[in-house]
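Colleague: Could we go through this model together, beginning with the sheet and then turning to the helices and the core?

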Amino acid sequence: MKSLAELQEIRNRALNQVNLRKEREDGIRVVVGMATCGIAAGARPVLNAFVQEVEKRSLENVMVTQTGCIGMCRLEPIVEVYVPGEEKVTYVHMTAEKAARVVAEHLINNRPVAEYTIGAETK
């Protein structure tokens, strides 16, 4: 750190990260399963991808958070998307690349990516 401006920039980035995780009662929640099984299957890059995409697109109505075991270890990494007034959508076998597509199609355009969902997995 070499200047006060650089310190202010670090502070602003940290505040943006905190604001992404604040509860927004009327917004969309993206919940990534981060239990041991999820982490072992690659959930950490998925979580990071969601946070980065939401931040990059300045989606203020979206909260990205993590949870423990969702209960379907063989389908990890699992992501659940909660849109107010709609049924929960569960995405399975997620990757960072799939996360970017879910943000673009589901979170922004309200079109769930059916081929990534648990319903597509059981067919």
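What follows is a conversation about a predicted model.

Colleague: In what order do the four strands of the open sheet stand?

Modeller: The pairing in this sheet is mixed, with S1 and S2 joined in the parallel sense over six bridges, whereas S1 and S3 pair in the antiparallel sense over four bridges. The twist averages 20° from one strand to the next. Read across the open sheet, the order is S2-S1-S3-S4.

Colleague: Which strands stand at the edges of the sheet?

Modeller: A strand at the edge has a single partner strand, so one side of it is left without a neighbour in the sheet. The strands for which this holds are S2 and S4.

Colleague: Which residue of S3 stands opposite Val 32?

Modeller: Along the parallel pairing of S1 with S2, Ile 28 stands opposite Val 62 and Gly 33 stands opposite Thr 67. On the antiparallel pairing of S1 with S3, the residue opposite Val 32 is Val 79.

Colleague: How many of the six residues of S1 are buried?

Modeller: Strand S1 covers residues 28–33, and it is largely enclosed by the rest of the structure, because most of its positions fall under the 20% relative accessible area that counts as buried. The number of buried residues in S1 is five.

Colleague: Which element gives the most residues to the largest nonpolar core?

Modeller: This core has 26 residues, among which Phe 50, Val 79, Tyr 91 and Met 94 touch the most other members. S1, H3, S2, S3, S4 and H4 each supply at least two residues of the core. With seven residues, the element that gives the most is H3.

Colleague: Which residues of H4 are in contact with Phe 50?

Modeller: Phe 50 is one of the buried residues of H3, a list that also includes Val 46, Leu 47 and Val 54. Leaving aside its neighbours within four places in sequence, Phe 50 is in contact with Val 30, Val 32, Val 64, Val 79 and Met 94, among others. Helix H4 spans residues 96–108, and the contacts of Phe 50 that fall in this helix are Ala 99, Val 102 and Val 103.

Colleague: At about what angle does H4 run to S4?

Modeller: Helix H3 lies across S1, S2 and S3, and runs at about 165° to S2. Helix H4 lies across S1, S2, S3 and S4, and its buried residues, among them His 106 and Leu 107, pack against these strands and against H3. The angle between H4 and S4 is about 175°.

Colleague: How far apart are the end C-alpha atoms of H4?

Modeller: At 1.5 Å a residue, the 14 residues of H3 should span 20 Å, and the ends of H3 are 20 Å apart, which agrees. By the same reckoning the 13 residues of H4 should span 18 Å, and the value found also agrees, although H4 bends by about 35° at Val 102. The end C-alpha atoms of H4 are apart by 17 Å.

Colleague: Which residue just after H4 takes a positive phi?

Modeller: Just after H3, a positive phi of about 55° is found at Ser 58. Just after H4, the residue with a positive phi of about 55° is Asn 110.

Key:
Residues are numbered from 1 along each chain as its sequence is written. This is a predicted model: local features need pLDDT of at least 70, side-chain atom pairs count only at pLDDT 80 or more; totals for chains, interfaces and linings use all residues. Side-chain values use heavy atoms; hydrogens and water are left out. The expected span of a helix is 1.5 Å times one less than its number of residues. Buried means under 20% relative accessible area, exposed over 50%, partly exposed in between (1.4 Å probe, protein chains only). A nonpolar core is a set of buried Ala, Val, Leu, Ile, Met, Phe, Trp, Tyr and Cys residues joined through side-chain atoms within 4.5 Å. Contact means heavy atoms within 4.5 Å. Two strands pair if DSSP finds at least two bridges between them. Axes are lines fitted to C-alpha atoms, for helices over the stretch in contact, and angles run from 0 to 180 degrees between N-to-C directions. The bend at a residue is the angle between axes fitted to the seven residues ending there and the seven starting there.
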